[in-house]
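Thanks for asking me to look this one over. My notes follow as numbered points, so you can check each against the model as you read.

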Amino acid sequence: MSFMNSFDVNLLPETMDAIERTRCHGMLTGFVCVEPNAAKAAGRTATLAPGADSYVLEQWAKSIRGELQATELSFRLYLPGDDEALSRRMEALSAWSREFLSALGEAGERLGKLGDDARDTLRELAVIGEGASIGEDDEEDEELMFAELSEHVRLSALFLYQALNPPAAPVAQ
């Protein structure tokens with residue numbers, strides 16, 4: 001399935017700053033992982049996007065689902081750009097992880113049935129959500145570590161989506 005992100009974040013309220021949009025994306029992504037109905041996922045996320053049209057959030061949820069289902073791993077985290085300070089981008093990555101995990105909690109007992117790898121992934125995201133720190137003195141090394149950490153979070157979201165939404169088994173004929 002080929003699906004590129006077609007959602008225009010400029011449709012969100014102008015009053016939402018980059019961190020709020022990041023938090024909203026994290027929560028919406030988590031709800032998309034556990035809720036097959038995009039409108040319900042959007043409704044649950046609406047508290048993070050005051051003033052956002054429910055239709056706009058639903059379209060974002062559909063876009064995220066398409067990215068998570070795409071075979072070319074096109075899913076991307078919505079994070080502030082490189083023009084933002086690294087500390088702000090780290091804050092956003094932590095916020096994304098917290099909101100994602102918060103929404104995944106809606107899976108209830110399905111989370112308890114996940115395998116060891118998925119549970120380890122949840123723990124790693126929880127650590128990042130607590131406020132991961134890069135802790136390097138060299139700006140170039142810090143940027144590289146941030147890129148690696150954000151890629152880890154991105155791949156973790158893809159992995160958890162697949163773990164919570166396994167492909168249907170073929171029907172025997």
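1. Among contacts in the protein chain between residues at least 6 apart in sequence, what percentage join residues at least 24 apart? The figure is 76%. Please keep in mind throughout that this is a predicted model.

2. On the overall fold, the protein chain has 7 helices and 0 strands. Read from the N terminus on, the order of elements is therefore simply α-α-α-α-α-α-α.

3. Next, the dimensions. A compact globule of 173 residues would have a radius of gyration near 16 Å, and the protein chain agrees, with 16 Å. Along the principal axes, the C-alpha trace spans about 60 × 40 × 30 Å.

4. On burial and surface, 45% of the 173 residues in the protein chain are buried. The chain exposes about 9,300 Å², and carbon and sulfur atoms supply 50% of that area.

5. Now to the interior. In soluble globular proteins, nonpolar side chains tend to be buried together. Here the largest nonpolar core has 50 residues, and W60 and L93 are the ones with the most contacts inside it. The elements giving two or more residues to this core are α1 (18-34), α2 (38-45), α3 (54-69), α4, α6 (116-129) and α7 (139-164).

6. L93 deserves a look of its own. Which residues does L93 touch, not counting those up to four places away in sequence? The list is L77, L79, I128, F146, L149, S150 and V153.

7. Turning to charged pairs, a search of the whole structure finds 12 salt bridges. One of them joins D82 and R89, with the closest N and O atoms 3.4 Å apart. The two partners are worth viewing with the surface switched on: D82 counts as exposed at 68% relative accessibility, whereas R89 is buried, with a relative accessible area of 1%. R89 is classed as buried because its value falls under the 20% cut-off, and D82 is classed as exposed because its value is over 50%.

8. R88 has two partners that I would display together. With E84, R88 forms a salt bridge whose closest N and O atoms are 3.7 Å apart. With E91, the side chain of R88 meets in a salt bridge at 3.8 Å, N to O. Why are E91 and R88 separated by about one helical turn? Because they are 3 residues apart in helix α4 (residues 86-104).

9. Each of these three residues is partly exposed: the relative accessible area is 25% for R88, 30% for E84 and 42% for E91. The pairings also belong to a wider arrangement, as D17, E84, R88 and E91 are linked in a network of salt bridges. If you prepare a figure of this network, please remember to include D17.

10. One last position in helix α4 is S102. Is S102 buried or partly exposed? S102 counts as partly exposed, at 44% relative accessibility. Its C-alpha lies 11 Å from the C-alpha of L125, and the two residues are 23 apart in sequence.

Key
Residues are numbered from 1 along each chain as its sequence is written. This is a predicted model: local features need pLDDT of at least 70, side-chain atom pairs count only at pLDDT 80 or more; totals for chains, interfaces and linings use all residues. Side-chain values use heavy atoms; hydrogens and water are left out. A salt bridge is a side-chain nitrogen of Lys or Arg within 4 Å of a carboxyl oxygen of Asp or Glu. Buried means under 20% relative accessible area, exposed over 50%, partly exposed in between (1.4 Å probe, protein chains only). Helices (H or I, at least four residues) and strands (E, at least two) are DSSP runs, numbered from the N terminus. A nonpolar core is a set of buried Ala, Val, Leu, Ile, Met, Phe, Trp, Tyr and Cys residues joined through side-chain atoms within 4.5 Å. Contact means heavy atoms within 4.5 Å. The radius of gyration is taken over C-alpha atoms; the globule rule is 2.2 Å times the number of residues to the power 0.38. Accessible areas come from the Shrake-Rupley method with a 1.4 Å probe; for residues, only the protein chains shown count as cover.
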